[in-house]
2 protein chains.
Amino acid sequence: MGDIGVPTTIKAFEERLLEVSESLPKRLRQCADYVAANKDRIAVSTVAEMAEGAGVQPSAFMRFCQILGFSGFSEMQRLFRDSYVGGWPDYSTRLDHLREKAEGSPSALLAEFVEAGRASLENLLKTIEPHALEQAVKILARAQMIHIIGMRRSFPVASYMAYAFEKMNVPAMLHSAVGRLENRNAVRDGDALLAITFSPYTADTIDMVEAVSAHGLPVVAITDTIVSPLRKFPATILSVSEVDFGAFRSLSATLCLAITLAVAVGTERPEK
Amino acid sequence: MGDIGVPTTIKAFEERLLEVSESLPKRLRQCADYVAANKDRIAVSTVAEMAEGAGVQPSAFMRFCQILGFSGFSEMQRLFRDSYVGGWPDYSTRLDHLREKAEGSPSALLAEFVEAGRASLENLLKTIEPHALEQAVKILARAQMIHIIGMRRSFPVASYMAYAFEKMNVPAMLHSAVGRLENRNAVRDGDALLAITFSPYTADTIDMVEAVSAHGLPVVAITDTIVSPLRKFPATILSVSEVDFGAFRSLSATLCLAITLAVAVGTERPEK
DNA sequence: GCTAATTTGGAATATATGTTCTATTTTGCT
DNA sequence: AGCAAAATAGAACATATATTCCAAATTAGC
């Protein structure tokens, strides 16, 4: 046989499988065939299940794993499980460590945030529902005026969208709570609301969504996860789950979605 | 509480999660949030891993599963393993797919921005100078008050940093031009200025940098490229070159740097 | 500010699952 | 056909993981 190295990537795994499957006794060949046809099951099955699927004994499947270069089934499974979640380390605990130990230079911290941002972006692409996105664009493109609200952590996103809309000559209004002036009466028929809110959900934002949707106006919401209180309203929801780094998020994915939405609306909108 | 039935579909699971998450004590709520944001992990993780991710004890996560109507974690996991249909399109194939086949649609646009963001992040890591970053942290950590200025496109960054500093009890002041009130006299000895500006450089921001550095106060600047007009002043410069798509930039890299800077300052700063 | 009820953390326990071992069967060779 | 080598099945063992339990801490009500 060739190298004894453990496959560390799905690709390497496939190559090894192909390379080995020629010269395999009956039962082990069954394993190879079954695995080739059901690679995705490895991540969520037990040896017993895989063995049954292949029509062999667990011990046979075990030997099969070892021939592929792994120490056992668990090691092989880990490869598939890790590649499934795309390496999404637990940042919240890592930040705690950074804080406590105070070790790690700013550069190391930057590396962490870059990594978190990268993971968030990849995840965004995987989880966004194209249909919801299209619907959101349609709603906002039709609106006579887009009202934008986002407080605290969401404010940067709201303000960036306001900037982008302004640049593209799309009528939009950023509802910031400057001076506690609540310009709620600016919302009129034909308008739409774009609400951005993340846990912990600011009451003002929720209130505004409630008020606006009570008037029958359409609402588009950018929020996190599915437990958002916005689910109670008939809004078009775009959910982004940003990798959490302690109390902070880099907002990479959120801003990406935001700018996409803004540009799509700007281009779709009937001129003037 | 409502029904006691075991959720038998992901949809039912989500509904149950939403319905229950309102009235949940602290730790259980953490579980709910983490699960909502990481549903895909349930199929391939152990209770211990899920619990750690949520920042709780395994036993707490266990109770959470039971509140959702399952007998335990295993039963809940089975739901996700069974409904796991395999075929998880990995990031790169999904990206290609969206780019080509969905051309012109919002989803394709999203793919472009995600890719641009990813490239920007990678570039950020390569180009940032650790020494400059450390110096910036040092300057801001020593300042009695951090004055933040950033207009137009830079305003989201400025406001996010203001938010982050506030969260960490770091004295900071966001100089927005609300009502054209220019609070320049708020700047005092011992303070520092954090200026964020990108081409085309807003005059107000440059003016402020000039005024502040004329008083001998330290300035940290986040800007693009090396031809920034800020080079004329004795400021610590962190340059980010964001990959742009069309006329817009997703700001991914800039925000990443911003939040890094904020957290680094927050942790380095002497308490109180 | 005290008491009762709820919630939580951590260790103890039970169970499921992976892994190894060996007698038995099968295969390949002369 | 008879022998040696390889492969297999099934049981025995080891480990990892889920689950439960209870004392300590927290919260809510009075």
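These legends describe close-up views of a predicted model with two protein chains and DNA strands C and D.

Residues are numbered from 1 along each chain as its sequence is written, chains are lettered from A and ligands numbered from 1 in the order in which they are written. Local features need pLDDT of at least 70, side-chain atom pairs count only at pLDDT 80 or more, totals for chains, interfaces and linings use all residues, and side-chain values use heavy atoms, with hydrogens and water left out.

**View 1. The protein surface around DNA strand C.** The strand is surrounded by 16 residues; a residue is near a strand if one of its heavy atoms lies within 4 Å of it. The closest are Val47(A), Met62(A), Phe73(A), Arg27(B) and Leu28(B). Of the atoms of DNA strand C that come within 4 Å of the protein, sugar and phosphate account for 72%. By class, this surface has 6 nonpolar, 7 polar and 3 charged residues. Here Ala, Val, Leu, Ile, Met, Phe, Trp, Tyr, Cys and Pro count as nonpolar, Asp, Glu, Lys and Arg as charged, and the others, Gly among them, as polar.

**View 2. Polar contacts to DNA strand C.** A polar contact is a pair of N or O atoms within 3.5 Å; within protein, one must be able to donate a hydrogen and the other to accept it, and residues adjacent in sequence count only if both atoms are side-chain atoms. Gln66(A) places a polar side-chain atom 2.9 Å from a phosphate oxygen. Phe73(A) uses a polar backbone atom, 2.6 Å from a phosphate oxygen. At a base, an N or O atom in the side chain of Gln57(B) is 3.3 Å from a nitrogen. Two or more residues of the surface come from each of helix H3 (47-54), helix H4 (58-67) and helix H5 (73-85) of chain A, and from helix H2 (26-37) and helix H5 (58-67) of chain B. Helices (H or I, at least four residues) are DSSP runs, numbered from the N terminus.

**View 3. The surroundings of DNA strand D.** Among 16 residues around this strand, Arg27(A), Gln57(A), Val47(B), Met62(B) and Phe73(B) come nearest. Sugar or phosphate supplies 80% of the strand atoms within 4 Å of the protein, and bases the rest. A side-chain N or O atom of Ser59(A) is 3.1 Å from a base oxygen. Arg63(A) has a polar side-chain atom 3.2 Å from a phosphate oxygen. The backbone of Val47(B) puts an N or O atom 2.8 Å from a phosphate oxygen.

**View 4. The interface of chain A and chain B.** Contact (heavy atoms within 4.5 Å) involves 67 residues from chain A and 69 residues from chain B. The chains bury about 6300 Å² between them, 73% of it on carbon and sulfur atoms. Buried area is the accessible area (1.4 Å probe) that two parts lose on being put together, summed over both. In chain A, Tyr84(A), Leu125(A) and Phe248(A) lose the most area to chain B, together 12% of what that side buries. The rule finds 0 salt bridges across the interface; each would need a side-chain nitrogen of Lys or Arg within 4 Å of a carboxyl oxygen of Asp or Glu.

**View 5. Phe113(B) and its neighbours.** Phe113(B) sits in helix H8 (residues 106-127) of chain B. Its relative accessible area is 1%, so Phe113(B) is buried (under 20%, 1.4 Å probe, protein chains only). Beyond four places in sequence, Phe113(B) touches Cys256(A), Ile259(A), Thr260(A), Val263(A), Phe245(B) and Phe248(B). The C-alpha atoms of Phe113(B) and Asp244(B) are separated by 8.4 Å, with the residues 131 apart along the chain.

Note on methods
Buried means under 20% relative accessible area, exposed over 50%, partly exposed in between (1.4 Å probe, protein chains only).
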